[in-house]
Structure formats: C-alpha cells, structure tokens
Amino acid sequence: MNVTKGQIFTRGITHRCPNCGAQKLFQEDSFFTLNPECPDCGLKIERDEGFFLGSMSLNYGVTLVGFLLPVLLLYLADVLSGTVAAIIAGAGAIGFPILFYRSSRSWWLMSYYFFLPHHLPANRGEPATGQDENS
Ligand SMILES: [Zn+2]
C-alpha cells in the first residue's frame, strides 16, 4: 500500500489531498468551495450528492462538545454569568461552525479513506482522473 493510514490521517488533519498530500482541497479564492478534483493528482474530491452530509454532522458534534459544552460547564461552575454565557454560546454557535467548516470537510474525507484506503488511486496503482471511486 503506497499511502498508509497514518499518512491519510495526517493529510486529513492538515487539509491535504489524501491521495498525494497537496494542500489543494479548497479553491484558492474561496473559503468554502472544494475543488471538484485535486489539481495535482486528479483525485475526485466532490462526491455524490450527500457525501459531505456527514461532515455537517461532524461539525455539529464538534461545536456542541468542543465549544458549547465547555461554555455550559463554565456557567454551571459560576465562572461565567448567565448573560455572558448566553452571548458567548450564541456567537459561538454561529461562528464556530463557520471556522470549523474546512476541517469538517477534510476530516470527513479523511475518515472515508482511512477506513477504505484501497479506494485511493495511489493505493490501486492507477491514475485518478476519470475513475469511479466506488469501483
Ligand atoms: Zn492530490
């Protein structure tokens, strides 16, 4: 296997192409738009309709556990007043998912290839362009 699970993990965490490691998952002129395919190796990044629905769930879960739960705990420990906690939670409930958007997409793509590393063209020994990812 050419690309190991460790490489897939580190590439996913750092928003890189799981196949070749290029840092080009997203278009250069947009914060939110994925490249349809990797400009370097041709790996198809845009997937079937609904593929990245899981990234939205991941984003929601990380926002809830990683941001809103600590704010709640600080409120319950009387570190934050109710008003301050409500303002921080409200702003964070909107802002955190926006800031975490790229990571959630990259992490979701990483999780797919982490569990199915043989689907990566580099591990099949074939060029990526024009291939069906599910074959
Ligand atoms: Zn690539």
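**Why these labels? Helices, burial and packing**

Mentor: Start with α4: Ser104, Arg105, Ser106, Trp107, Trp108, Leu109, Met110, Tyr112 and Tyr113 are buried there. Before we go on, this is a predicted model, where local features need pLDDT of at least 70, side-chain atom pairs count only at pLDDT 80 or more, and totals for chains, interfaces and linings use all residues. Residues are numbered from 1 along each chain as its sequence is written.

Trainee: What makes a residue buried, partly exposed or exposed?

Mentor: Buried takes 20 or more other C-beta atoms within 10 Å of the residue's own, exposed is 12 or fewer, and partly exposed is in between, with C-beta atoms placed from the backbone. Buried residues make up 22% of the 135 residues in the protein chain.

Trainee: And what covers the buried residues of α4?

Mentor: The cover includes α1 (5-13) and α2 (53-76).

Trainee: How do you know that the span of helix α4 agrees with its number of residues?

Mentor: Helices (H or I, at least four residues) and strands (E, at least two) are DSSP runs, numbered from the N terminus. The expected span is 1.5 Å times one less than the number of residues. For the 15 residues of α4 (residues 101-115) that gives 21 Å, and the end C-alpha atoms are 22 Å apart, so the two agree.

Trainee: How many helices and strands are there in the protein chain?

Mentor: 5 helices and 0 strands.

Trainee: What makes the chain more spread out than a compact globule?

Mentor: Its radius of gyration, taken over C-alpha atoms, is set against the globule rule, 2.2 Å times the number of residues to the power 0.38. The rule gives 14 Å for 135 residues and the chain has 18 Å, well over that, so it is more spread out. Along the principal axes, the C-alpha atoms fill a box of roughly 60 × 30 × 25 Å.

Trainee: How are α2 and helix α3 packed?

Mentor: At an angle of about 165°, with the axes of α2 and α3 (residues 82-99) 10 Å apart. Axes are lines fitted to C-alpha atoms, for helices over the stretch in contact, and angles run from 0 to 180 degrees between N-to-C directions.

Trainee: Why is α2 called roughly antiparallel to α3?

Mentor: Angles under 35 degrees count as roughly parallel, over 145 as roughly antiparallel, 65 to 115 as roughly perpendicular and the rest as oblique. With about 165° between them, α2 is therefore roughly antiparallel to α3. The contact (C-beta atoms, placed from the backbone, within 7 Å) includes Phe67 of α2 and Gly92 and Phe96 of α3.

Trainee: Why is α2 called oblique to α4?

Mentor: α2 and α4 pack at about 125°, with axes 8 Å apart. That angle fits none of the named ranges, so α2 is oblique to α4. Leu58 and Asn59 of α2 and Trp107 and Trp108 of α4 are among the residues making the contact.

Trainee: Back to Phe67: why is it partly exposed?

Mentor: Phe67 has 19 C-beta neighbours inside 10 Å, so it counts as partly exposed.

Trainee: How about Asp78: buried or exposed?

Mentor: Asp78 has 7 other C-beta atoms within 10 Å, so it is exposed. Asp78 lies in the loop between α2 and α3, and its phi is near 65°, a positive value in a residue other than glycine.

Trainee: Why remark on that sign?

Mentor: Because most residues other than glycine have a negative phi. His15 also isn't a glycine, and has a positive phi of about 60°. His15 lies in the loop between α1 and α2, and with 17 other C-beta atoms within 10 Å it is partly exposed.

Methods. Contact = placed C-beta atoms within 7 Å.
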